[in-house]
Amino acid sequence: MQRITSYPVQTSESPGLFNNLDKTVGVREMSKQLGRARIRSNIQSVLIVTKARDNRLIKLTRELALYLTLKHRQGSRGLIVYVDHQLRHSRRFDAEGIQRDHPEFDMYSNSPHLFDFVITLGRDGTVLFTPWLFQRIVPPVLPFALGSLGFLTNFDFADYQTAVDSAIDSGIRVNLHMRFTCTVYRAVFDKGKFARLWLVRRIYHLGGRQIMCFTTKPVEMFEVLNDLVIDRGPSPYVSLLELFGDEHHMTIVQAHGLCAATPTGSTAYSLSAGGSLVHPEIPAILISPICSHTPSFCPMLLLDNMELRICIPYNSHSMVWLSFDGRGRVELQQGDHIKITASNHPFPTVCAD
(Lines give C-alpha, C1' and ligand atoms only; values in the text may rest on other atoms or scores of the structure.)
Protein backbone atom coordinates (compact mmCIF):
# COMPACT_ATOMS: atom_id res chain seq x y z
CA MET A 1 0.00 0.00 0.00
CA GLN A 2 1.23 3.49 -0.80
CA ARG A 3 1.69 5.84 2.06
CA ILE A 4 2.85 9.37 2.79
CA THR A 5 4.07 9.44 6.35
CA SER A 6 6.41 11.12 8.79
CA TYR A 7 9.92 9.84 9.48
CA PRO A 8 11.54 9.53 12.92
CA VAL A 9 15.08 9.28 11.53
CA GLN A 10 17.65 7.80 13.90
CA THR A 11 21.39 8.24 13.54
CA SER A 12 24.06 5.72 14.45
CA GLU A 13 27.81 5.84 14.79
CA SER A 14 30.32 4.14 12.57
CA PRO A 15 31.82 1.17 14.46
CA GLY A 16 35.51 0.65 14.94
CA LEU A 17 38.58 2.01 13.19
CA PHE A 18 39.63 1.25 9.61
CA ASN A 19 42.83 1.17 7.63
CA ASN A 20 42.86 4.56 5.91
CA LEU A 21 44.85 3.55 2.85
CA ASP A 22 42.73 0.55 1.87
CA LYS A 23 39.55 2.42 2.68
CA THR A 24 40.22 5.53 0.62
CA VAL A 25 41.50 3.58 -2.37
CA GLY A 26 38.39 1.40 -2.28
CA VAL A 27 36.09 4.42 -2.16
CA ARG A 28 37.93 6.03 -5.10
CA GLU A 29 37.57 2.95 -7.29
CA MET A 30 33.92 2.54 -6.38
CA SER A 31 33.26 6.20 -7.18
CA LYS A 32 34.77 5.80 -10.66
CA GLN A 33 32.69 2.72 -11.40
CA LEU A 34 29.43 4.26 -10.16
CA GLY A 35 30.05 7.43 -12.17
CA ARG A 36 30.41 5.47 -15.42
CA ALA A 37 27.70 2.82 -15.08
CA ARG A 38 23.95 3.35 -14.85
CA ILE A 39 22.53 1.45 -11.90
CA ARG A 40 18.96 0.23 -11.79
CA SER A 41 17.40 -0.75 -8.48
CA ASN A 42 13.95 -1.60 -7.23
CA ILE A 43 13.09 1.68 -5.48
CA GLN A 44 10.13 1.23 -3.15
CA SER A 45 10.40 3.97 -0.51
CA VAL A 46 11.44 7.60 -0.99
CA LEU A 47 12.27 10.25 1.60
CA ILE A 48 11.59 13.91 0.70
CA VAL A 49 13.76 16.37 2.63
CA THR A 50 12.67 20.00 2.57
CA LYS A 51 12.17 23.00 4.84
CA ALA A 52 8.90 22.36 6.64
CA ARG A 53 8.52 26.07 7.46
CA ASP A 54 8.90 27.37 3.92
CA ASN A 55 5.38 27.85 2.56
CA ARG A 56 6.53 27.83 -1.05
CA LEU A 57 8.36 24.54 -0.63
CA ILE A 58 5.47 22.91 1.24
CA LYS A 59 3.22 23.27 -1.80
CA LEU A 60 5.89 21.78 -4.07
CA THR A 61 6.53 18.96 -1.59
CA ARG A 62 2.85 18.05 -1.68
CA GLU A 63 2.88 18.06 -5.48
CA LEU A 64 5.94 15.80 -5.63
CA ALA A 65 4.65 13.44 -2.93
CA LEU A 66 1.36 12.91 -4.76
CA TYR A 67 3.17 12.35 -8.06
CA LEU A 68 5.35 9.64 -6.50
CA THR A 69 2.54 7.85 -4.69
CA LEU A 70 0.29 7.87 -7.77
CA LYS A 71 3.08 6.86 -10.14
CA HIS A 72 2.27 3.47 -11.70
CA ARG A 73 5.14 1.21 -12.62
CA GLN A 74 5.26 -2.08 -14.43
CA GLY A 75 4.07 -4.79 -12.06
CA SER A 76 3.85 -2.41 -9.12
CA ARG A 77 1.84 0.46 -7.74
CA GLY A 78 3.05 3.82 -6.45
CA LEU A 79 6.00 4.44 -4.16
CA ILE A 80 6.00 4.77 -0.40
CA VAL A 81 6.82 8.40 0.39
CA TYR A 82 8.06 9.82 3.70
CA VAL A 83 7.99 13.51 4.60
CA ASP A 84 8.73 15.59 7.68
CA HIS A 85 6.22 14.96 10.48
CA GLN A 86 5.73 18.74 10.87
CA LEU A 87 3.83 18.71 7.57
CA ARG A 88 1.12 16.60 9.19
CA HIS A 89 -0.50 19.73 10.62
CA SER A 90 0.40 22.09 7.78
CA ARG A 91 -2.58 23.67 6.05
CA ARG A 92 -0.66 24.10 2.84
CA PHE A 93 0.35 20.46 2.73
CA ASP A 94 -3.25 19.50 3.60
CA ALA A 95 -2.68 15.92 4.78
CA GLU A 96 -6.40 15.58 5.55
CA GLY A 97 -7.23 16.53 1.98
CA ILE A 98 -4.90 13.86 0.65
CA GLN A 99 -6.51 11.29 2.94
CA ARG A 100 -9.97 12.37 1.81
CA ASP A 101 -9.13 12.20 -1.90
CA HIS A 102 -7.09 9.00 -1.58
CA PRO A 103 -8.52 6.89 1.27
CA GLU A 104 -6.33 3.95 0.25
CA PHE A 105 -3.22 5.77 1.49
CA ASP A 106 -1.80 4.88 4.91
CA MET A 107 -1.00 8.42 5.95
CA TYR A 108 0.88 7.98 9.23
CA SER A 109 3.42 5.47 10.44
CA ASN A 110 5.78 5.47 13.41
CA SER A 111 8.06 2.69 12.11
CA PRO A 112 9.35 3.52 8.64
CA HIS A 113 11.41 1.02 6.68
CA LEU A 114 14.82 1.70 5.25
CA PHE A 115 14.82 4.41 2.60
CA ASP A 116 15.83 3.43 -0.93
CA PHE A 117 16.06 6.96 -2.29
CA VAL A 118 16.15 10.57 -1.07
CA ILE A 119 14.90 13.70 -2.86
CA THR A 120 15.80 17.15 -1.54
CA LEU A 121 14.00 20.42 -2.32
CA GLY A 122 15.93 23.59 -1.53
CA ARG A 123 19.48 24.89 -1.55
CA ASP A 124 22.81 23.44 -0.46
CA GLY A 125 21.79 23.72 3.20
CA THR A 126 19.00 21.20 2.62
CA VAL A 127 21.41 18.84 0.91
CA LEU A 128 23.89 19.19 3.80
CA PHE A 129 21.13 18.38 6.28
CA THR A 130 20.50 15.02 4.59
CA PRO A 131 23.80 13.29 5.50
CA TRP A 132 23.35 14.61 9.04
CA LEU A 133 20.27 12.36 9.25
CA PHE A 134 22.30 9.36 8.06
CA GLN A 135 25.50 9.16 10.07
CA ARG A 136 26.47 5.94 8.32
CA ILE A 137 25.20 4.71 4.93
CA VAL A 138 23.32 7.35 2.93
CA PRO A 139 20.83 6.40 0.15
CA PRO A 140 21.30 8.03 -3.27
CA VAL A 141 20.20 11.67 -3.18
CA LEU A 142 18.45 13.51 -6.01
CA PRO A 143 18.86 17.26 -5.24
CA PHE A 144 16.49 19.80 -6.81
CA ALA A 145 17.53 23.46 -6.88
CA LEU A 146 14.98 25.78 -5.30
CA GLY A 147 17.15 28.63 -4.10
CA SER A 148 19.57 31.36 -5.11
CA LEU A 149 22.86 29.48 -4.73
CA GLY A 150 23.69 25.82 -5.00
CA PHE A 151 26.86 23.88 -5.78
CA LEU A 152 25.24 20.54 -4.93
CA THR A 153 21.78 21.04 -6.47
CA ASN A 154 22.14 20.27 -10.17
CA PHE A 155 18.51 19.45 -11.06
CA ASP A 156 15.80 21.96 -11.97
CA PHE A 157 12.49 21.34 -10.23
CA ALA A 158 10.59 22.52 -13.30
CA ASP A 159 11.60 19.20 -14.90
CA TYR A 160 11.11 17.05 -11.79
CA GLN A 161 8.84 14.53 -13.52
CA THR A 162 11.44 13.77 -16.19
CA ALA A 163 14.25 13.50 -13.62
CA VAL A 164 12.26 11.29 -11.25
CA ASP A 165 10.98 9.01 -14.02
CA SER A 166 14.49 8.60 -15.41
CA ALA A 167 15.94 7.75 -11.99
CA ILE A 168 13.24 5.24 -11.10
CA ASP A 169 12.64 3.61 -14.47
CA SER A 170 16.02 3.87 -16.24
CA GLY A 171 18.47 3.91 -13.35
CA ILE A 172 21.00 6.44 -12.08
CA ARG A 173 24.68 7.34 -12.19
CA VAL A 174 26.14 8.34 -8.85
CA ASN A 175 28.86 10.68 -7.60
CA LEU A 176 30.43 9.70 -4.28
CA HIS A 177 31.38 12.76 -2.25
CA MET A 178 34.10 12.28 0.33
CA ARG A 179 33.12 12.64 3.98
CA PHE A 180 35.15 12.90 7.19
CA THR A 181 34.81 10.70 10.24
CA CYS A 182 35.51 13.06 13.14
CA THR A 183 36.09 11.44 16.54
CA VAL A 184 36.18 13.56 19.70
CA TYR A 185 38.60 12.40 22.41
CA ARG A 186 38.40 13.57 26.02
CA ALA A 187 41.35 13.71 28.40
CA VAL A 188 41.54 11.05 31.11
CA PHE A 189 43.32 11.88 34.33
CA ASP A 190 45.02 9.18 36.40
CA LYS A 191 45.32 9.89 40.14
CA GLY A 192 45.70 13.57 39.53
CA LYS A 193 48.77 13.13 37.32
CA PHE A 194 48.83 13.88 33.65
CA ALA A 195 49.75 10.82 31.55
CA ARG A 196 51.26 11.41 28.13
CA LEU A 197 49.65 10.12 24.99
CA TRP A 198 51.41 7.23 23.20
CA LEU A 199 51.75 9.45 20.14
CA VAL A 200 53.79 12.01 22.06
CA ARG A 201 56.09 9.38 23.58
CA ARG A 202 56.94 8.14 20.09
CA ILE A 203 57.77 11.66 18.91
CA TYR A 204 59.95 12.11 22.00
CA HIS A 205 61.92 8.91 21.33
CA LEU A 206 62.42 9.84 17.69
CA GLY A 207 64.20 12.97 18.79
CA GLY A 208 61.42 15.46 18.20
CA ARG A 209 60.49 18.03 20.79
CA GLN A 210 58.27 16.94 23.64
CA ILE A 211 54.63 18.03 23.49
CA MET A 212 52.51 17.61 26.60
CA CYS A 213 49.20 15.84 25.92
CA PHE A 214 46.96 13.57 27.94
CA THR A 215 45.69 10.03 27.78
CA THR A 216 42.31 10.24 26.06
CA LYS A 217 39.23 8.18 25.26
CA PRO A 218 36.75 8.54 22.35
CA VAL A 219 33.37 9.94 23.35
CA GLU A 220 31.62 11.17 20.17
CA MET A 221 31.77 10.55 16.43
CA PHE A 222 30.41 12.64 13.54
CA GLU A 223 30.23 12.16 9.77
CA VAL A 224 31.01 15.44 7.99
CA LEU A 225 30.36 16.29 4.35
CA ASN A 226 31.62 19.89 4.12
CA ASP A 227 33.97 20.86 6.91
CA LEU A 228 35.02 20.69 10.52
CA VAL A 229 35.59 24.17 11.95
CA ILE A 230 37.52 24.87 15.14
CA ASP A 231 37.06 28.35 16.60
CA ARG A 232 37.88 30.15 19.82
CA GLY A 233 34.23 30.75 20.74
CA PRO A 234 33.68 33.59 23.23
CA SER A 235 37.33 33.58 24.36
CA PRO A 236 39.37 36.72 23.58
CA TYR A 237 42.59 34.68 23.31
CA VAL A 238 44.15 33.30 20.15
CA SER A 239 43.60 29.54 19.86
CA LEU A 240 46.66 27.35 20.38
CA LEU A 241 46.48 24.00 18.58
CA GLU A 242 48.89 21.15 17.83
CA LEU A 243 48.47 19.52 14.41
CA PHE A 244 49.59 15.91 13.88
CA GLY A 245 49.55 13.92 10.66
CA ASP A 246 50.04 10.15 10.70
CA GLU A 247 51.59 10.31 14.19
CA HIS A 248 54.05 13.05 13.21
CA HIS A 249 53.95 16.56 14.55
CA MET A 250 53.28 18.94 11.65
CA THR A 251 52.94 22.42 13.12
CA ILE A 252 51.67 24.63 15.91
CA VAL A 253 48.58 26.63 15.00
CA GLN A 254 48.12 30.07 16.56
CA ALA A 255 45.00 31.52 15.01
CA HIS A 256 41.38 32.37 15.62
CA GLY A 257 40.62 28.85 14.47
CA LEU A 258 41.17 26.11 11.92
CA CYS A 259 39.06 24.72 9.07
CA ALA A 260 39.45 21.13 7.83
CA ALA A 261 37.40 20.70 4.65
CA THR A 262 36.60 18.03 2.09
CA PRO A 263 36.84 18.83 -1.63
CA THR A 264 33.05 19.30 -1.60
CA GLY A 265 33.44 21.80 1.24
CA SER A 266 36.17 23.77 -0.53
CA THR A 267 33.52 26.24 -1.75
CA ALA A 268 32.28 26.96 1.77
CA TYR A 269 34.06 28.21 4.92
CA SER A 270 37.43 26.98 3.62
CA LEU A 271 37.23 29.37 0.66
CA SER A 272 36.44 32.30 2.96
CA ALA A 273 39.48 31.36 5.09
CA GLY A 274 41.77 31.52 2.05
CA GLY A 275 41.71 27.87 1.04
CA SER A 276 41.87 26.62 -2.53
CA LEU A 277 39.00 25.49 -4.70
CA VAL A 278 39.30 21.74 -5.23
CA HIS A 279 37.39 19.57 -7.68
CA PRO A 280 35.10 17.12 -5.79
CA GLU A 281 36.76 14.14 -7.47
CA ILE A 282 40.26 15.06 -6.26
CA PRO A 283 41.04 13.01 -3.12
CA ALA A 284 42.39 15.51 -0.61
CA ILE A 285 41.99 17.09 2.82
CA LEU A 286 42.10 20.89 2.99
CA ILE A 287 43.55 22.56 6.09
CA SER A 288 43.13 26.34 6.34
CA PRO A 289 43.89 28.59 9.35
CA ILE A 290 41.34 31.22 10.28
CA CYS A 291 43.06 34.59 10.83
CA SER A 292 46.47 33.03 11.48
CA HIS A 293 48.66 34.82 14.02
CA THR A 294 51.84 33.87 12.15
CA PRO A 295 52.38 34.01 8.37
CA SER A 296 54.31 30.72 8.40
CA PHE A 297 51.17 28.58 8.42
CA CYS A 298 49.42 28.72 5.04
CA PRO A 299 46.49 26.65 3.72
CA MET A 300 47.54 23.07 2.96
CA LEU A 301 46.31 20.25 0.72
CA LEU A 302 46.94 16.81 2.25
CA LEU A 303 46.41 13.23 1.11
CA ASP A 304 42.97 11.85 1.85
CA ASN A 305 44.41 8.72 3.50
CA MET A 306 46.22 10.75 6.17
CA GLU A 307 45.05 10.53 9.77
CA LEU A 308 44.91 13.98 11.34
CA ARG A 309 44.83 14.80 15.03
CA ILE A 310 44.26 18.31 16.32
CA CYS A 311 45.17 18.60 19.98
CA ILE A 312 44.52 21.27 22.61
CA PRO A 313 47.84 21.47 24.52
CA TYR A 314 47.94 21.74 28.28
CA ASN A 315 49.41 25.27 28.12
CA SER A 316 46.58 26.67 25.99
CA HIS A 317 45.01 29.77 27.53
CA SER A 318 41.48 28.73 26.61
CA MET A 319 39.30 25.98 25.24
CA VAL A 320 38.02 25.82 21.66
CA TRP A 321 34.74 24.94 19.99
CA LEU A 322 34.00 22.52 17.16
CA SER A 323 31.22 22.63 14.59
CA PHE A 324 30.45 19.89 12.09
CA ASP A 325 28.92 21.18 8.85
CA GLY A 326 27.73 24.15 10.88
CA ARG A 327 25.99 21.89 13.40
CA GLY A 328 26.64 20.08 16.64
CA ARG A 329 28.73 22.59 18.62
CA VAL A 330 31.16 20.71 20.89
CA GLU A 331 33.63 22.20 23.37
CA LEU A 332 37.22 20.94 23.62
CA GLN A 333 39.29 21.68 26.71
CA GLN A 334 43.00 21.38 27.44
CA GLY A 335 44.15 17.80 26.81
CA ASP A 336 41.28 16.93 24.45
CA HIS A 337 41.75 16.32 20.75
CA ILE A 338 39.83 15.55 17.56
CA LYS A 339 40.80 12.86 15.04
CA ILE A 340 39.91 13.31 11.36
CA THR A 341 39.97 10.47 8.82
CA ALA A 342 38.32 9.79 5.47
CA SER A 343 34.93 8.23 6.06
CA ASN A 344 34.00 4.74 4.95
CA HIS A 345 30.53 6.08 4.10
CA PRO A 346 30.68 8.67 1.28
CA PHE A 347 27.72 10.83 0.28
CA PRO A 348 26.10 9.67 -3.01
CA THR A 349 24.36 12.19 -5.28
CA VAL A 350 22.68 11.47 -8.61
CA CYS A 351 24.59 12.67 -11.68
CA ALA A 352 22.77 14.87 -14.18
CA ASP A 353 22.69 13.41 -17.69
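In the predicted model, helix H5 is followed by Gly171, whose phi is positive, near 100 degrees. Helix H5 itself spans residues 160–170, and its buried residues are Tyr160, Ala163, Val164, Ala167 and Ile168. These residues lie on the same side of H5, because the arc that they cover around the axis is only 115 degrees. In an α-helix there are 3.6 residues a turn, so residues three or four places apart point the same way. The cover over the buried residues of H5 includes helix H2 (55–69) together with three strands, E4 (117–122), E5 (141–145) and E6 (155–156).

Helix H4 comprises residues 124–133, of which 8 of the 10 are buried, so this helix is largely enclosed by the rest of the structure. The buried residues of H4 are Asp124, Thr126, Val127, Leu128, Thr130, Pro131, Trp132 and Leu133.

Residue His337 is placed in strand E18, which runs over residues 337–342. With a relative accessible area of 2%, His337 counts as buried because this value falls under the 20% cut-off. The side chain of His337 is joined to that of Arg309 by a polar contact of 2.8 Å.

Burial was also assessed for two cysteines. Cys259 has a relative accessibility of 0% and is therefore buried. Cys351, at a relative accessible area of 11%, is likewise buried. A disulfide is a covalent bond between the sulfur atoms of two cysteines. The structure contains 0 disulfides.

Conventions. Residues are numbered from 1 along each chain as its sequence is written. This is a predicted model: local features need pLDDT of at least 70, side-chain atom pairs count only at pLDDT 80 or more; totals for chains, interfaces and linings use all residues. Side-chain values use heavy atoms; hydrogens and water are left out. A disulfide is a pair of cysteine sulfur atoms within 2.5 Å. Buried means under 20% relative accessible area, exposed over 50%, partly exposed in between (1.4 Å probe, protein chains only). Helices (H or I, at least four residues) and strands (E, at least two) are DSSP runs, numbered from the N terminus. A polar contact is a pair of N or O atoms within 3.5 Å; within protein, one must be able to donate a hydrogen and the other to accept it, and residues adjacent in sequence count only if both atoms are side-chain atoms. The arc is that of the directions from the helix axis to the C-beta atoms. Contact means heavy atoms within 4.5 Å.
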